[in-house]
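The following report describes selected features of one protein model, from a helix and its surroundings to individual loop residues. The sequence and the structure are shown first.

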Amino acid sequence: MIGRVKKTLAFLVSCTMLTTSTAVYAADTDAVVGKLSMDTSSYTMAPGGIYDFKASVSSSVLKQEDVKVWSSRDGIAKVARVAGTGKYRITGLKAGITYITSEIKGVHASIKVTVESGAKPHGVTSWTTSLIHQSDLSSTVNVTFPEGTNLMGIAALLEKNHVCSASDVLAAAKSTQFDSYSFIASLSNASSRYYKLEGYLFPDTYNFYKGDSAANALKRMLNNMQNKLTSIQTQAAAQGMTVDQVLTMASLIQAEASSTSDMYLVSSVLHNRLTNGAAHDTPKLQFDSTVYYPYRVKSEAPAGFTSTYDTYNFSGLPAGPICSPGASAIDAALHPTSTDYYYFCHSASGTAYYAATLDEHNQNLIIAGLR
């Protein structure tokens, strides 16, 4: 099997609900150079309903176009700029709670939005305001982590962008200092993993302080994953899986698939081999993407290195995820296409070939130019 990692997800970090009308996010001793304000502190709406609000920046050195606005759970509600008005529109999608967050240079102002079936629009009109300090303008950097980036890649990107050293990130990712997160503390085989945090750092674009600690940087990413886990946990439980199993499967799918649509077929092979592989002479997953993990390829690994995650050597899933899967790969792990496929391969151009039998697979290898 041949792995292909191609996608980049780029919507910004975790959201924080403001509990008072004014919050300060930088040191009080820094010069205040502006304010970021939102005109509602909470709102309740029905699915299909819309609500317009204003998020504005008051500053001599920043522009309205610098403000980014997003929903922490797009499945509950989505938000988009209303062209030419300086306002943003929330659209309710389904029952649940989300936080709509405005961000500029790492400074946030947030509102809580509840979507309830049959609810009449109800808002609490108020202003939530965050002060922008001089230090906010010069000491932050946005870093994008593409889907499928592994822990070593995340560490390299953080160092490249002058957030913290790669060695500090790798050391922290093995430590117990993040066990305050229940989804990390609950890992039953942490000692068998190269990095405890692998797979739990959601691929996204984050705003970091330059020269920050590895712990603070990783907490930003873990907080983002924590916001997404409720939905994943519910869907996983409905299918008799744990969150860790879903993320491990999703990481394999992310590493092996050549496109989003291909993910669901790769997932079908994965599920088929896990549930009934022995009866079809495929008792092991044999995913190439696991052979040199935590390295990407052989050339990155030390001479003579043998990975304990190599799925050619044992049956079942590896000890944990092998990279950070994106939303599509997670969805594919939860909802595989129903097939009788037990084999797949990809040509050098990424064209996928699937087979139910070894004979068909061998023919596909020839067609794909792999033999």
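Helix 7 contains a series of buried residues, namely Asp 262, Met 263, Val 266, Ser 267, Ser 268, Val 269, Leu 270, His 271, Asn 272 and Arg 273. Buried here means under 20% relative accessible area, exposed means over 50%, and partly exposed lies in between, as computed with a 1.4 Å probe on protein chains only. Helices (H or I, at least four residues) and strands (E, at least two) are DSSP runs, numbered from the N terminus.

The model is predicted, so that local features require pLDDT of at least 70 and side-chain atom pairs count only at pLDDT 80 or more, whereas totals for chains, interfaces and linings use all residues. Residues are numbered from 1 along each chain as its sequence is written, and side-chain values use heavy atoms, with hydrogens and water left out.

## Helix 7 and its cover

Helix 7 comprises the 17 residues 260-276. At 1.5 Å a residue it should span 24 Å, and its end C-alpha atoms are 25 Å apart, which agrees; the expected span is 1.5 Å times one less than the number of residues. The elements that cover the buried residues of helix 7 include helix 6 (243-256), helix 8 (327-334), strand 12 (343-346) and strand 13 (352-355).

## Nonpolar cores

A nonpolar core is a set of buried Ala, Val, Leu, Ile, Met, Phe, Trp, Tyr and Cys residues joined through side-chain atoms within 4.5 Å. The largest such core has 63 residues, and Leu 158, Leu 197, Phe 208 and Leu 222 have the most contacts inside it. Helix 5 (residues 214-238) gives the most to this core, with ten residues. Apart from it lies another core, of 25 residues, among them Met 45, Ala 55, Val 57 and Val 115.

For Leu 197, leaving aside neighbours within four places in sequence, the residues in contact are Leu 151, Ala 173, Phe 178, Ile 184, Leu 218 and Leu 222. Contact means heavy atoms within 4.5 Å.

## The hairpin of strands 5 and 6

Strand 5 (residues 77-82) and strand 6 (residues 87-92) run antiparallel and are joined by six bridges; two strands pair if DSSP finds at least two bridges between them. Val 79 has Ile 90 in strand 6 as its bridge partner. The two strands form a hairpin with four residues between them, and Gly 84 in the turn has a positive phi of about 75°.

Thr 85 is found in the loop between strand 5 and strand 6 and is partly exposed, with a relative accessible area of 42%. A polar atom of the Thr 85 side chain lies 3.0 Å from the backbone nitrogen of Lys 87. This is a polar contact, a pair of N or O atoms within 3.5 Å; within protein, one must be able to donate a hydrogen and the other to accept it, and residues adjacent in sequence count only if both atoms are side-chain atoms.

Lys 87 belongs to strand 6 and is partly exposed at 39% relative accessible area. Leaving aside neighbours within four places in sequence, Lys 87 is in contact with Asp 52, Phe 53, Lys 54, Arg 81 and Val 82. From Lys 87 to Ala 238 the separation is 151 residues in sequence and 39 Å in space, C-alpha to C-alpha.

## Ser 130 and the cysteines

Ser 130 has its place in strand 9 (residues 122-133) and counts as buried, at 0% relative accessibility. A polar atom of the Ser 130 side chain lies 2.3 Å from the backbone oxygen of His 108.

Cys 164 counts as buried because its relative accessibility is 9%, and Cys 323 counts as buried at 1%. The structure holds zero disulfides, a disulfide being a pair of cysteine sulfur atoms within 2.5 Å.

## Backbone features in loops

Two loop residues other than glycine have positive phi values, as listed below.

| Residue | Phi | Loop | Relative accessibility |
|---|---|---|---|
| His 162 | about 65° | helix 2 (151-160) to helix 3 (166-174) | 58%, exposed |
| Asp 281 | near 60° | helix 7 to helix 8 | 68%, exposed |

The loop between helix 7 and helix 8 also holds Pro 294. The peptide bond from Tyr 293 to Pro 294 is cis, with omega near 15°.
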